[in-house]
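Work through the exercises below with the structure open. Try each task before reading its solution.

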Amino acid sequence: MQVALVGIGKIATDQHVPAINASADWELSATVSRHGSVEGVPAYDDFDAMLAERTDIRVVSLCLPPVPRFDYAARAIAAGRHVMLEKPPGATLSECHTLADMARDAGVALYATWHSRQADKVPAAKAWLRDKRLISLTITWRENVRQWHPGQDWVFEAGGLGVFDPGINALSILTEILPDPVHLTSAELQFPENRDTPIAATCRFHHPHGADVSMDLDWLEPGDPTWSIEAVTDQGRMRMENGGGHLIIDDMPDDSLPGLTGEYPRLYAQMAKLVETGAVDMDLAPMRHVADAFTLGRRVSVAPFEW
Ligand code: NAP
């Protein structure tokens with residue numbers, strides 16, 4: 001299957017290009033980017049021109065930041081293309097619903113990807129939690145924004161989500177592994193006084209059986225990053241580390257479970273299946289929690305942020 005990659009920046013270069021090149025199912029046939037390109041691949045800087053000229057390319061993968069993404073996705077669907085969306089699938093819930101409706105009407109595949117759900121140990125954590133009574137669950141997602149998003153001003157602009165840009169990855173795992181749905185009950189969001197999105201946040205969630213569920217996000221972590229989810233149950237405890245790549249159950253690393261590799265290769269494998277049937281896979285649960293945090297969260301002004 002031929003695919004055009006749109007928005008050749010950090011994630012396209014780090015993950016999408018290697019995943020496509022490593023797959024027997026996919027061929028990178030064009031890029032669309034105002035500044036970026038991939039060596040040896042026909043490059044366009046005008047999306048409409050690519051759509052008009054390259055009718056042989058049936059799939060478009062959008063690696064843009066969330067705010068411009070709707071416009072590109074809508075144009076691709078209108079042009080009859082199957083569309084794959086980086087996370088989060090849009091800047092608002094409403095535009096995601098609109099895209100899903102458009103894709104269904106057009107009979108094209110639409111995939112809202114959540115790469116962290118494809119982390120190696122997510123299926124094992126989900127299976128372990130299935131028959132246990134949850135007592136508490138704590139998400140700790142702390143990293144240095146200067147290291148992981150150097151100079152990316154869009155993350156601090158409206159719609160860029162701020163610290164929820166990585167935080168939504170944790171929520172994509174949470175909403176996959178928990179047998180029962182939770183919903184946000186309170187949040188505190190720390191906004192640098194010169195920015196439009198939070199740089200740190202704490203959130204608490206209601207759990208239907210009374211478990212204590214909370215999330216701590218911080219983008220000013222000076223040391224090594226922590227991307228962990230710790231769950232205490234009536235039958236022991238589990239700790240996922242490294243964004244879902246590592247699972248420790250009752251202090252014993254769970255190496256016996258199958259260690260699948262590669263989040264992005266799995267996303268492209270899933271997209272290949274969706275294209276076969278023209279299906280829509282748009283799970284908005286992680287994004288709903290973020291929207292709730294922005295709706296309900298108490299806003300605290302903190303020191304200005306400069307790169
Ligand atoms: P990025 O490098 O800052 O941006 C990707 C590309 O999008 C840019 O190189 C730019 O290409 C294009 N772009 C930026 N603003 C645009 C606009 N207003 N209109 C049209 N094109 C625009 O961002 P990224 O880190 O790759 O992140 C992109 C998406 O992937 C985000 O939603 C992010 O959450 C997700 N993601 C990122 C990471 C990561 O580690 N960075 C990991 C997983 C997922 P041109 O200027 O060449 O057009």
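A polar contact is a pair of N or O atoms within 3.5 Å; within protein, one must be able to donate a hydrogen and the other to accept it, and residues adjacent in sequence count only if both atoms are side-chain atoms. The model is predicted: local features need pLDDT of at least 70, side-chain atom pairs count only at pLDDT 80 or more, and totals for chains, interfaces and linings use all residues. Numbering runs from 1 along each chain as its sequence is written, and side-chain values use heavy atoms, leaving out hydrogens and water.

**Exercise 1. Find the ligand's surroundings and its polar partners.**

Step 1. Start with W154: an N or O atom in its side chain is 2.8 Å from an oxygen atom of the ligand.

Step 2. Add Q152, which places a polar side-chain atom 2.9 Å from a ligand oxygen.

Step 3. Turn to the backbone. An N or O atom there in K10 lies 2.8 Å from an oxygen atom of the ligand.

Step 4. Check the cover. Alone, the ligand has 880 Å² of accessible area (Shrake-Rupley method, 1.4 Å probe). The protein covers 82% of this.

Step 5. List the neighbours, meaning residues with a heavy atom within 4 Å. The ligand is surrounded by 24 residues, and the closest are S33, H35, R69, K87 and D165.

**Exercise 2. Trace the sheet and place helix 1.**

Step 1. Set the terms. Helices (H or I, at least four residues) and strands (E, at least two) are DSSP runs numbered from the N terminus. Strands pair if DSSP finds at least two bridges between them.

Step 2. Read the order. Seven strands make an open, parallel sheet: 3-2-1-4-5-6-15. Strand 3 (43–44) and strand 15 (280–281) are the edges, each pairing on one side only.

Step 3. Inspect one pair. Strand 1 (residues 2–6) runs parallel to strand 2 (residues 27–32) over five bridges. A4 has A30 as its bridge partner, and V3 has L28.

Step 4. Add helix 1 (residues 10–22). This helix packs on the sheet and touches strands 1, 2 and 4 (59–62); contact means heavy atoms within 4.5 Å.

**Exercise 3. Is D120 buried or partly exposed?**

Step 1. Locate D120 in the loop between strand 6 (110–112) and helix 5 (122–129).

Step 2. Apply the classes: buried is under 20% relative accessible area, exposed over 50%, partly exposed in between (1.4 Å probe, protein chains only). D120 is partly exposed because its relative accessibility is 21%.

Step 3. Find its side-chain partner. A 3.1 Å polar contact joins D120 to the side chain of R266.

Methods: Axes fitted to C-alpha atoms, helices over the stretch in contact; angles between N-to-C directions.
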